[in-house]
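Trainee: Please take one part of this structure and look at it closely with me. Set it in the whole first, then go piece by piece.

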Amino acid sequence: GLLQKNPDDQELWTLMRHEITKMKTTINTMLRLVGVNDTSLKLNKSSVDVYQLLLNMTKPYDIVAADKNLKIKTTFYGLASFITIDESLIYDAVANLLDNALKYATPGTVINISAKVKNESMCISVSDIGPIIPEEDREKVFDHFYKGSLVVDKVHQLGLGLTFVKVVTEAHGGSVYVDPDFNKGTKIVMNIPAVTIGKENQ
């Protein structure tokens, strides 16, 4: 219809979809963390193409990134991409990481999302160029409502987001951490063991 014919309307519609997606992710995060601990989160697992999942997830964010003078780059390593996960939870977890990156990345830089197969696990990372989370705060930022030092409080006020990412990752038997070797900004890595990994139907 009209939204497709008018570029300005189409861009507005894309921004609206992004805000709706962001709101949905925030609400889902809050609801899922109410009364939830690391062992009580129920998973609805299926075979998911992680590469395609990440590509679909980043599309609504491209215009928002451009508006902030940022770019989003996705990089996939290896041919295998199908693993057994809870698609909705992993989607929301990575979306939380991307929201944080968009909020705190230095304008004019690139936000990198990567996925690679390593030791029969899928490693998903989101990195941004900007302020660095101090070493003493790198584990604590995953705690409920942790604000940390003055630097973290001013830069990465992460609240529930990273707690949710931790809960989801550990519910899958994995781990999440701030990459200590990334010295250009913040890089969060989710390491998810795979029940099955490879191409679908193989």
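Mentor: Accessible areas here come from the Shrake-Rupley method with a 1.4 Å probe; for residues, only the protein chains shown count as cover. This is a predicted model: local features need pLDDT of at least 70, side-chain atom pairs count only at pLDDT 80 or more, and totals for chains, interfaces and linings use all residues. Residues are numbered from 1 along each chain as its sequence is written, and side-chain values use heavy atoms, with hydrogens and water left out.

The whole comes first. The accessible surface of the protein chain is about 10900 Å². Carbon and sulfur atoms hold 52% of that surface. The chain has 202 residues, and 45% of them count as buried. Buried means under 20% relative accessible area, exposed means over 50%, and partly exposed is in between (1.4 Å probe, protein chains only). The chain forms seven helices and eight strands. These are DSSP runs numbered from the N terminus: helices are H or I, at least four residues, and strands are E, at least two. Contact means heavy atoms within 4.5 Å. Take the contacts between residues at least 6 apart in sequence: 73% of them join residues at least 24 apart.

Now the part itself: helix α7, residues 161-171. Eight of its eleven residues are buried, so α7 is largely enclosed by the rest of the structure. The buried ones are G161, L162, T163, F164, V165, V167, V168 and T169.

Stop at T169, which sits in this helix. T169 counts as buried because its relative accessibility is 0%. What does T169 touch, leaving aside its neighbours within four places in sequence? Its contacts are G174, S175, V176, M190, N191 and I192.

Follow the chain out of the helix. Just after α7, G173 takes a positive phi of about 80°. G173 lies in the loop that leads from α7 to β6 (175-178). With a relative accessible area of 53%, G173 is exposed. G173 also comes back to a later stretch: its C-alpha is 6.4 Å from that of P193, 20 residues away in sequence.

Next along is A194, in the loop between β7 and β8 (197-198). A194 is at 18% relative accessibility, so it counts as buried. Setting aside neighbours within four places, A194 is in contact with I83, E120 and S121. A194 and I85 are 109 residues apart in sequence, yet their C-alpha atoms are 7.7 Å apart.

M190 leads from T169 to the core. The largest nonpolar core has 43 residues, and M190 is among those with the most contacts inside it, together with I90, V94, L98, L102, I111 and I124. Helix α5 (residues 87-104) gives the most to this core, nine residues. A nonpolar core is a set of buried Ala, Val, Leu, Ile, Met, Phe, Trp, Tyr and Cys residues joined through side-chain atoms within 4.5 Å. Beyond four places in sequence, L102 is in contact with Y61, A65, K68, L70, I72 and I111.

Strand β7 takes us to the open spaces. The largest pocket has a volume of about 300 Å³. Of its 16 lining residues, Y77, S114, K116, S125 and K187 are closest to the centre. The elements that give two or more residues to this lining are β2 (71-77), β4 (110-118), β5 (121-129) and β7 (185-193). The largest share, five residues, comes from β4.

The whole structure has two cavities of 30 Å³ or more. The second largest holds about 30 Å³. Its lining is I132, I133, R138, V178, D179, F182, G185, T186 and K187. Here β7 gives the most, three residues.

How are such spaces found? On a 1 Å grid over the protein atoms alone, a cavity is a set of points where a 1.4 Å probe fits but cannot get out; a pocket is an open set with protein on both sides within 12 Å along at least five of seven lines; lining residues have an atom within 4 Å of a point. Grid points are joined across faces, edges and corners, and a volume is the space filled by probe spheres set on the points.
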